[in-house]
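Thank you all for coming; I would like to take a few minutes on how the helices, the core and the sheet fit together in this model. Please have the structure open while I talk.

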Amino acid sequence: MRILITGGAGYIGTHTAINLLENGNDLEIIDSFINSYPAAIKRLNYLKNILKIDSKFNIHNGDLRNQKFLEKIFSDSKKSNNPIEAVIHLAGLKSVGDSIRFPEKYWDFNVNGSINLFKVMEKYECRNIVFSSSATIYKYQGKEVLLDENSVIEPTNPYGQTKAEIEKILQDINKENVNKWRISILRYFNPIGAHSSGLIGEDPFGEPNNLFPAIIKVSSNQTRELKIFGYDWPTIDGTAVRDYIHVMDLAKAHYLALLKLMEFESKLLILNIGTGIGTSVLDLVNTFKSINKCDIPYSFTERRKGDFPYVVADNKMAEKILNWKPRNTIEDMCIDGWNWIKKNPSGYPK
Ligand code: UFG
């Protein structure tokens, strides 16, 4: 199948791309590189070659808000008699903090970019899409309550609001059901880790906002200590609990969701993508330390604004519908994250 990936040079994008290529799909990858590195694409190509994968990909540098740019990709693929059959839509701005500072930018990039993409897809009769949404759209349900797909949606920051909005647009597109769209919305929990080759991984711009990139920076002595936001949450050890999922398990879920969609004439499939297992900040730090035999100095600071104590998926629906099980343990995630930073102490070559 020929598949378009938006945001394909990013963290989730590169890992999803290698999985799709391994499964025999040819890819058109779009990225604007405002939040990712061209070197990630070079690495993807290198990895494809060492894994002896025959499938091919093309890279297109541009912005989803540019309709002409998008149309050219779809029209060229149509002319080549091998049209794009499906889109995996990952592109978007993703920092919760930035979204509070620059809400208009987030609405513009994420929502307007998506609307443009959907318009062009409709024009070129490509109506199969997997969209990257987030667990951040759910309302906090209370201590130790797993979030299922019917949990209340009530995002508390502009980033989450843009994700929820794009979901609504896709649901409207599906509701009419006249054009036979097949839509899958994947609500990611906390993807961490890296491809086991250590050739691709997460390389955030600037100071990492998320826990795992912050841990690997401390483990490789690039930051002196980890700041743990809050020690008095109502959890097992006072630190916040999340559902960490290996990025390759998440990558695989995209392809399985797409294959599942293709079994129907028209479909809306909304799935949580997590492991269903809660891990506290201290659990993650201690596992990383012991499995990699390294030091992670840390100190406690006050809670981060907008955080919740417990965000864990009820992932039964994805397991059942996709016939998928996250394979990797927290230990695997820590080993692969360590391998990535050891091989690439400064991330991708800049
Ligand atoms: N944390 C620290 N120190 C740090 C960074 C994070 O203690 O330096 C804590 C946070 O306070 C939180 C936990 O580690 O309790 C996890 O934080 P992350 O930022 O890694 O992840 P979040 O769950 O807050 O958010 C992530 C993504 C969002 C996404 C959400 C889905 O950043 O984009 O998961 O639940 F929407």
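**Helix packing, core and sheet**

Helix α7 crosses α9 in a right-handed manner, where right-handed means that the near helix is turned clockwise from the far one by less than a right angle, and helices here are DSSP runs of H or I with at least four residues, strands being E runs of at least two, numbered from the N terminus. This is a predicted model, in which local features need pLDDT of at least 70 and side-chain atom pairs count only at pLDDT 80 or more, while totals for chains, interfaces and linings use all residues. Residues are numbered from 1 along each chain as its sequence is written, and side-chain values use heavy atoms, with hydrogens and water left out.

The axes of α7 (residues 211-219) and α9 (residues 281-292) lie 11 Å apart at an angle of about 35°, the axes being lines fitted to C-alpha atoms over the stretch in contact, with angles from 0 to 180 degrees between N-to-C directions. Among the residues in contact (heavy atoms within 4.5 Å) are Phe212 of α7 and Phe288 of α9.

Phe288 also belongs to the largest nonpolar core, of 68 residues, a core being a set of buried Ala, Val, Leu, Ile, Met, Phe, Trp, Tyr and Cys residues joined through side-chain atoms within 4.5 Å, with buried meaning under 20% relative accessible area (1.4 Å probe, protein chains only). Helix α8 (residues 247-261) gives the most to this core, with eight residues.

Turning to the sheet, seven strands form an open, parallel arrangement in the order β3-β2-β1-β4-β5-β6-β11, where pairing requires at least two DSSP bridges. The edges are β3 (57-61) and β11 (267-273).

Note on methods
Buried means under 20% relative accessible area, exposed over 50%, partly exposed in between (1.4 Å probe, protein chains only).
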